[in-house]
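Here are a few friendly notes to read alongside the model. Have the viewer open as you go through them.

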Amino acid sequence: MNGATSDAGRDWVHGAIDALEREAARSADTHLLKIDLPGFPGIDVYFKDEAAHPTGSLKHRLARSLYLYALCNGRLREGQAVVDASSGSTAIAEAWFARLLGLCFTAVMPACTAPAKIRAVEALGATCDLVDDPATVRTRARAHAVAGACDLDQFGLAERATDWRGNNNIAESILGQLAREPHPRPAWIVCGAGTGGTSATIGRYLRYRRLPTRLCVAEPLGGAFARGWRAHDADACATRSTVIEGIGRPRVEPGFLFDIVDRVVEVPDAASIAAMHLLEALLGRRYGGSSGTNFVACLRLAAAMRARGECGSIVSLLCDRGERYAETLFDPGWLAARALDAAPWRAALLACIDDGGWREP
Ligand SMILES: *Cc1c(COP(=O)(O)O)cnc(C)c1O
């Protein structure tokens with residue numbers, strides 16, 4: 001390959017970065033919604049609505065950062081194919097930005113990914129390469145890269161592609177939106193860990209801004225992050241699989257930073273699903289399973305605060321739109337076929353919302 005980039009090549013990179021900046025300038029920030037929980041007087045719970053992005057999930061921020069990172073590192077050129085491994089939400093956002101930049105994108109996804117997500121990627125003009133074993137998606141994406149594609153590598157790069165000091169990253173946005181609330185410095189921020197990018201950005205920013213806020217990762221029961229965090233073991237693997245997409249990775253990803261996480265709450269899938277339905281009742285809109293996982297962790301933390309007589313705020317994320325799961329998590333037949341009964345958890349969580357006491361079925 002030629003050592004120097006041609007002037008035309010550099011012009012294209014500048015034009016692409018310009019297109020990303022203009023997209024950001026046209027976009028509004030996402031809402032910070034407050035929910036009313038009668039059992040928790042003096043404890044305010046907020047959800048940042050990341051489903052409101054044009055591509056429907058928090059991965060819109062990540063995809064923008066990954067393209068910018070690839071361009072600024074000289075790794076992405078005009079006409080080059082682009083690839084990434086994804087459980088779906090990232091693929092949708094990356095396909096959307098590929099179209100914006102005039103590039104061809106291939107998403108390597110587990111074959112069990114929600115069908116609506118696969119259709120969304122294809123509707124954006126991208127290609128899906130489906131693999132049977134979810135643990136092999138990164139290896140498969142690397143094979144595309146060997147053939148010349150630019151690997152956006154969300155799992156390898158999420159943690160460093162995002163500007164954690166500011167630039168309206170998710171943490172800076174949340175704290176700005178809380179500024180005039182009764183408890184502007186939250187007791188807890190709760191998020192999931194898929195790439196680990198969100199938790200890394202939030203955890204770093206909290207220290208950088210010298211805030212007392214603690215960071216909690218909400219993880220499907222037996223997920224690799226939970227095991228790895230507890231044992232400080234980067235080789236930890238999940239002890240069980242999960243139906244909650246976007247989080248609950250089979251192994252510790254390179255972007256999982258354990259030192260900035262203060263607590264991990266493990267949540268059974270049935271509880272996440274029950275909470276996902278309760279969010280619909282509270283907010284009048286459907287959100288995905290990982291938003292439910294976050295909600296369960298929020299209730300646990302709120303109940304502990306209440307038991308200690310503490311007041312304060314808790315902030316979490318609505319990670320993606322529920323419509324994506326119409327044929328899976330929102331389909332009673334699909335749940336029944338997997339012996340997932342959310343009813344006992346629904347009753348337990350409703351009682352908790354009502355009287356502020358944590359209980360499990
Ligand atoms: C990616 C993702 C997460 C986790 O966010 P990370 O920043 O990748 O750790 C949570 N929920 C959904 C729906 C996701 O797609």
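**Notes on helix 3 and two aromatic pairs**

1. Among the elements covering the buried residues of helix 3 are helix 1 (7–26), helix 2 (59–72), strand 3 (82–85), strand 4 (105–110), helix 4 (115–123) and helix 6 (154–161). Buried means under 20% relative accessible area, exposed over 50%, and partly exposed in between (1.4 Å probe, protein chains only). Helices (H or I, at least four residues) and strands (E, at least two) are DSSP runs, numbered from the N terminus.

2. A word on the source: this is a predicted model, where local features need pLDDT of at least 70 and side-chain atom pairs count only at pLDDT 80 or more, while totals for chains, interfaces and linings use all residues. Residues are numbered from 1 along each chain as its sequence is written, and side-chain values use heavy atoms, with hydrogens and water left out.

3. Of the 13 residues of helix 3, 11 are buried; Ser-89, Glu-94 and Leu-101 are among them. Just after helix 3 comes Gly-102, with a positive phi near 75°.

4. You will find seven aromatic pairs here. Trp-96 and Phe-97 make an edge-to-face one, 4.9 Å centre to centre with 80° between the planes. Rings of Phe, Tyr and Trp (its six-membered ring) pair if their centres lie within 6.5 Å; planes under 30 degrees apart count as stacked, over 60 as edge-to-face and the rest as tilted. Phe-97 is buried at 0% relative accessibility. Ring pairs also join Tyr-67, Trp-96 and Phe-97 into a cluster.

5. Trp-96 is buried too, at 18% relative accessible area. By contrast, Trp-358 is partly exposed at 25%.

How values were computed
Contact means heavy atoms within 4.5 Å.
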